[in-house]
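User: Please take a close look at a single part of this structure. Explain it step by step, and then show how the rest of the chain compares in its details.

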Amino acid sequence: KMSDILIEDMQRILPPLPSGKRLAVRLKPKGVKAMRQGHPWVFEDSIERLSHEGAPGDVAILFDTNGEFLGAGLYDPNSNIRIRALLHGERAQLDEAFIAKLTAKSLALRSGCIPPGTDAFRAANGDSDGFPGIVADIYADTLVFKLYSAVWLPWLNACAKGFIAAHPGLKRVVLRLSRELQREPLAANVPDGLVLPEGLPSELVFQENFLKFEADPAHGQKTGFFLDQRENRAEVGRLSAGKNAVLNLFSYTGGFSLYAARGGAKNVVSVDFSRPAIEAAERNFKLNYSIPTVKACKHDGIVGDAFEVLKSIAESKRCFDIV
């Protein structure tokens, strides 16, 4: 099965799960307070004592100054955020089964919330979903991870297994690393934009509210698209009914522009500094020419600095109904 090949590829490239002794970490009062308030980060200056030094991704058990249990998390010796907390007060074994439960819980929160005609959504929103330092997006048959902390590299295979178990149709994984993480020795075998199984193309087409978009999660901004703006895009579509002109600044690949066109705007202008982004916006319009209002809309893509373009628009006294 494709999912088995995918997991095998990830096991080959990613560092193994931590097998060393778990760290016992005693926190200073300010760290204790943060943990008891449910904060997912433990900073270096909040640690009073460590039982021993650990490696990125090692499990850390947290205690207060009196030795009372506070929670547990994943340790990073190279970051000012020393521990990404996964447990607060609750006792549980931090292992692959725990990660599977975490992914299931995150996906359950989205159950019934994904609108019809949509096969792309944020599957795990970092700290908000109990995944401090990692984001997971699903685009049709593709799972994209954006990592902001080295603690997740040894645990990434477990995360992928959890999402694939819930979405058996997933055929590939794309790994995106923050700039800081790309400099980590632990990430030496994991280049930013890696597509697994290797050899598969990174480009894809997905649907959002029955609109089609292309994305390149291996090379695009964030994970390839700004999935968290879905409701805002839909609102712009509603507001654009009967409007003559809409201006989309910092348009990227034209998500808001396309919604405005479908909503009924007669003219839409997309402005972005990136020529590839504007070219992708044009392709996104063409992907949706079967929708009469999209095909009827006049779309102009402008490559340039948004502030300079605004000056030019002001000088020409051109007006827009929505900006």
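Analyst: **Helix α3 and its surroundings**

In this chain, 60% of the contacts (heavy atoms within 4.5 Å) with a separation of 6 or more are between residues 24 or more positions apart. The model is predicted: local features need pLDDT of at least 70, side-chain atom pairs count only at pLDDT 80 or more, and totals for chains, interfaces and linings use all residues. Residues are numbered from 1 along each chain as its sequence is written, and side-chain values use heavy atoms, with hydrogens and water left out.

First, the frame. The chain holds 10 helices and 16 strands. These are DSSP runs, numbered from the N terminus: H or I of at least four residues for helices, E of at least two for strands. Of its 323 residues, 52% count as buried. Buried means under 20% relative accessible area, exposed means over 50%, and partly exposed is in between, with a 1.4 Å probe and protein chains only. The C-alpha trace spans about 70 × 45 × 35 Å along its principal axes.

Now to α3. This helix covers residues 96-110, which makes 15 residues. How far does α3 reach from its first C-alpha to its last? The span is 22 Å, close to the 21 Å expected at 1.5 Å a residue. The expected span is 1.5 Å times one less than the number of residues.

Look at the start of α3. Asp-95 caps the N-terminal end, with a side-chain oxygen 3.2 Å from the backbone nitrogen of Ala-97. This is a polar contact: a pair of N or O atoms within 3.5 Å, where, within protein, one must be able to donate a hydrogen and the other to accept it, and residues adjacent in sequence count only if both atoms are side-chain atoms. Just after α3 comes Gly-112, with a positive phi of about 80°.

Which residues of α3 are buried? They are Phe-98, Ile-99, Leu-102, Thr-103, Ser-106, Leu-107 and Arg-110. A general rule helps in reading such a list. An α-helix has 3.6 residues a turn, so residues three or four places apart point the same way.

What covers these residues? The cover includes β6 (81-88), β7 (120-125) and α4 (156-166).

Take α4 next. Ala-158 sits in this helix. Ala-158 touches Glu-96 and Ile-99, leaving aside residues up to four places away in sequence. Ala-158 counts as buried because its relative accessible area is 5%.

Then the approach to β6. Ser-79 lies in the loop between β5 (69-75) and β6. At 17% relative accessible area, Ser-79 is buried. A polar atom of its side chain lies 3.0 Å from the backbone nitrogen of Ile-81.

Now some details elsewhere in the chain. The C-alpha atoms of Ala-158 and Arg-233 are separated by 33 Å, with their positions 75 residues apart along the chain. A cis peptide bond joins Leu-196 and Pro-197, with omega about -5°. Pro-197 is in the loop between β11 (194-196) and β12 (204-208).

Positive phi turns up outside glycine too. Phe-210 has a phi near 70°. Its place is the loop between β12 and β13 (211-215). Phe-210 is exposed, because its relative accessible area is 52%. Lys-222 has a phi near 55° and lies in the loop between β13 and α6. Lys-222 counts as partly exposed, at 45% relative accessibility.
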